[in-house]
Amino acid sequence: MRHKVYVFLLVLICIGCTVFFKNALTIGQNDYRAENIGPYGGVVYQVAVDPENANHLYAVNGSLFQSFNQGLTWSYLPIKGEYIRNIAIDWNNPNLLYVASDYNGLYASVDKGKSWTFRSIPNQSIIINKL
């Protein structure tokens with residue numbers, strides 16, 4: 001008799017767990033959806049936040065983009081057709097940005113990305129993986 005009671009309790013527990021987990025997995029199923037709010041181009045390699053203004057973001061995905069509204073909209077910052085993979089902000093001087101190109105090396109901007117200066121060794125093929 002005890003054996004039947006234990007089996008019955010085990011079956012009830014299994015049924016209860018099945019119902020609970022099924023409901024837990026379907027609760028909120030439609031509450032979340034993916035939205036494409038990032039810069040055009042798919043994968044983002046890196047995001048940097050301006051230390052003076054948390055609304056000002058930079059994103060790197062082969063190109064360089066910036067946002068002034070926490071990433072809701074993005075604008076393109078051209079750098080001579082380079083393939084950009086990394087960005088660094090000087091925390092002591094947030095106007096100073098560095099970006100690394102897969103093909104030509106390092107570029108610097110002293111005006112938050114409005115203009116860029118080549119900083120690597122000329123006529124050399126340098127790949128910088130991290131800044």
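**Two antiparallel sheets and a nonpolar core in a predicted model**

Gln-66 lies in strand 3, where helices (H or I, at least four residues) and strands (E, at least two) are DSSP runs numbered from the N terminus. The structure is a predicted model, in which local features need pLDDT of at least 70 and side-chain atom pairs count only at pLDDT 80 or more, while totals for chains, interfaces and linings use all residues. Residues are numbered from 1 along each chain as its sequence is written, and side-chain values use heavy atoms, with hydrogens and water left out.

With a relative accessible area of 11%, Gln-66 counts as buried; the term buried stands for values under 20%, exposed for values over 50%, and partly exposed for those in between (1.4 Å probe, protein chains only). The side chain of Gln-66 forms a polar contact of 2.8 Å with the side chain of His-56. A polar contact is a pair of N or O atoms within 3.5 Å; within protein, one must be able to donate a hydrogen and the other to accept it, and residues adjacent in sequence count only if both atoms are side-chain atoms. When neighbours within four places in sequence are set aside, the contacts of Gln-66 (heavy atoms within 4.5 Å) are His-56, Leu-57, Tyr-58, Thr-73, Trp-74, Ser-75, Leu-77 and Lys-112.

Overall, the protein contains one helix and eight strands, arranged along the sequence as α-β-β-β-β-β-β-β-β. Of its 131 residues, 30% count as buried. Among contacts with a separation of 6 or more, 30% involve residues 24 or more positions apart. The exposed area of the protein is about 9500 Å², of which carbon and sulfur atoms supply 58%; accessible areas come from the Shrake-Rupley method with a 1.4 Å probe, and for residues only the protein chains shown count as cover.

One open sheet is built from four strands in the order 1-2-3-4, with antiparallel pairing; two strands are taken to pair if DSSP finds at least two bridges between them. Its edges are strand 1 (46-49) and strand 4 (75-77), each of which pairs on one side only. From one strand to the next, the twist averages 30°, with axes defined as lines fitted to C-alpha atoms, for helices over the stretch in contact, and angles running from 0 to 180 degrees between N-to-C directions. Strand 2 (residues 57-60) is joined to strand 3 (residues 64-67) by four bridges in the antiparallel sense. Within this pairing, Tyr-58 stands opposite Gln-66 of strand 3.

A further open sheet of four strands has the order 5-6-7-8, and its pairing is also antiparallel. Strand 5 (84-89) and strand 8 are the edge strands, each pairing on one side only. Two bridges connect strand 7 and strand 8 in the antiparallel sense. Ala-108 has Thr-117, in strand 8, as its bridge partner.

The largest nonpolar core comprises 13 residues, and those with the most contacts inside it are Tyr-58, Leu-64, Ile-79, Ile-87, Val-99 and Trp-116. Such a core is a set of buried Ala, Val, Leu, Ile, Met, Phe, Trp, Tyr and Cys residues joined through side-chain atoms within 4.5 Å. Strand 2, strand 5 and strand 6 (97-101) are the elements that give two or more residues to this core. The largest contribution, three residues, comes from strand 5. Not counting residues up to four places away in sequence, Trp-116 touches Leu-64, Pro-78, Ile-79, Leu-97, Val-99, Tyr-107, Ala-108 and Ser-109.

Trp-91 is located in the loop between strand 5 and strand 6 and is exposed, at 61% relative accessibility. Its contacts, apart from neighbours within four places in sequence, are Val-49 and Pro-51. Although Trp-91 and Pro-51 are 40 residues apart along the chain, their C-alpha atoms are separated by 6.5 Å.

Positive phi values occur at two loop residues other than glycine, Gln-70 and Lys-112. For Gln-70, phi is about 60°; this residue occupies the loop between strand 3 and strand 4 and is exposed, with a relative accessible area of 56%. For Lys-112, phi is near 55°; the loop in question runs between strand 7 (105-109) and strand 8 (117-118). Lys-112 is buried, with a relative accessible area of 18%, and is among the residues in contact with Gln-66.
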